[in-house]
Amino acid sequence: STRVVILPPDITDLEQASLMYRSTLCEPTAPEEVMLQPLTLPTGQEVMLCFGFDHELLCFLQRNFGELSFEHHLATLLIEGARMANGNCLVVRCDTQFLELALFRQKRLQLINVYRTSRAENRSFYVMNTWIQDELDQLTDYLLVLGSSTECLQVRASLHRFIKHVYA
């Protein structure tokens, strides 16, 4: 799901989290269940991921498999990014359908975002837009591109011209 927000770790009440989630994001196109995932990053920072999950799919899975736990795909990006980020760092991972971004300032998570896009130029635009909006420095801050897919290689190659420190 691209529908995800970060909440403070002390927000554990699903009703309160749902209100915050729904006030942050537009209405979904299909009925969804709001889920919470507490996450402790390798740096010790705690966050609460709050994300939507398709209601019908959830009912099917619960009916056929009983008790399940769910983890948002951004959890792995955040854990890997926190482990590898150095100073101010924008961490990026992409595949054929998505671009995922996580911004770390002094190893503290500041921002996450997911874009649904399959075009290389859109990926580069979203990364550079985040870079500029969050006032990262092209000479001293870092761009970390996780993954070795064709899409990741394209992002790394296109942005290396604008950002001095681009790593894989």
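Helices (H or I, at least four residues) and strands (E, at least two) are DSSP runs, numbered from the N terminus. The legends below use these element names and refer to a predicted model.

**Figure 1. Overall view of the predicted protein chain.** The protein chain contains 5 helices and 8 strands, which follow one another along the sequence in the pattern β-α-β-β-α-α-β-β-β-α-β-α-β. A compact globule of 168 residues would have a radius of gyration near 15 Å, and the 17 Å of the protein chain agrees with this. Along the principal axes, the C-alpha atoms fill a box of roughly 50 × 30 × 30 Å. Of the 168 residues, 43% are buried. Where contacts join residues at least 6 apart in sequence, 50% of them link residues at least 24 apart. The exposed area is about 9300 Å², of which carbon and sulfur atoms supply 51%. The chain carries 14 positive and 20 negative charges, and the mean positions of these two groups lie 9 Å apart.

**Figure 2. The largest nonpolar core and the elements that build it.** This core has 26 residues, and those touching the most other members are Leu-78, Val-91, Ala-102, Phe-104, Leu-109 and Ile-112. At least two core residues come from each of strand S2 (32–40), strand S3 (46–54), helix H2 (55–65), helix H3 (74–84), strand S4 (89–94), strand S5 (98–105), strand S6 (108–116) and strand S7 (142–146). The most is given by H3, with 5 residues. A second core, separate from this one, comprises 18 residues, including Leu-99, Met-128, Leu-143 and Ile-163.

**Figure 3. Contacts of Leu-109 and Ala-102.** Apart from neighbours within four places in sequence, Leu-109 makes contact with Ile-6, Leu-41, Gln-45, Val-47, Leu-78, Ala-102, Leu-103 and Phe-104. Ala-102 belongs to strand S5. Its relative accessibility is 0%, so Ala-102 counts as buried. With the same exclusion of sequence neighbours within four places, the contacts of Ala-102 are Leu-77, Leu-78, Cys-89, Leu-90, Val-91, Leu-109, Leu-111 and Ile-112. The C-alpha atoms of Ala-102 and Val-114, which are 12 residues apart along the chain, are separated by 9.0 Å.

**Figure 4. Surroundings of Leu-144 in strand S7.** Leu-144 has a relative accessible area of 5% and is therefore buried, the cut-off being under 20%. When residues up to four places away in sequence are not counted, Leu-144 touches Met-84, Cys-89, Leu-90, Val-91, Val-92, Tyr-167 and Ala-168. Arg-93 stands 51 residues from Leu-144 along the chain, and the C-alpha atoms of the two are 8.6 Å apart.

**Figure 5. Thr-117, a loop residue between S6 and H4.** Although Thr-117 lies in a loop, its relative accessibility of 6% places it among buried residues. Residues touching Thr-117, not counting those up to four places away in sequence, are Thr-96, Gln-97, Phe-98, Leu-99, Asn-122, Arg-123 and Tyr-126.

**Figure 6. Gln-106 and Glu-135, two residues with positive phi.** Most residues other than glycine have a negative phi. Gln-106 is not a glycine, yet its phi is positive at about 50°. This residue sits in the loop between S5 and S6 and is exposed, with a relative accessible area of 58%. Glu-135, likewise a residue other than glycine, has a positive phi near 55°. Its place is in the loop between helix H4 (120–133) and S7. The relative accessibility of Glu-135 is 68%, so this residue counts as exposed; the cut-off for exposed is over 50%.

**Figure 7. Glu-27 in the loop between helix H1 (14–24) and S2.** At 59% relative accessibility, Glu-27 is classed as exposed. Glu-67 lies 40 residues from Glu-27 in sequence, and the distance between the two in space is 28 Å, C-alpha to C-alpha.

Key:
Residues numbered from 1 in each chain as written. Predicted model: local features only at pLDDT ≥ 70, side-chain atom pairs only at ≥ 80, totals over all residues. Heavy atoms only, no water. Core = buried A, V, L, I, M, F, W, Y, C linked by side-chain atoms within 4.5 Å. Buried < 20%, exposed > 50% of the residue type's maximum accessible area, 1.4 Å probe, protein only. Contact = heavy atoms within 4.5 Å. Rg over C-alpha atoms; globule rule 2.2 N^0.38 Å. Areas by Shrake-Rupley, 256 points an atom, 1.4 Å probe, with all protein chains shown as cover. Lys, Arg positive; Asp, Glu negative; His and termini not counted. Charge placed at Lys NZ, Arg CZ, Asp CG, Glu CD.
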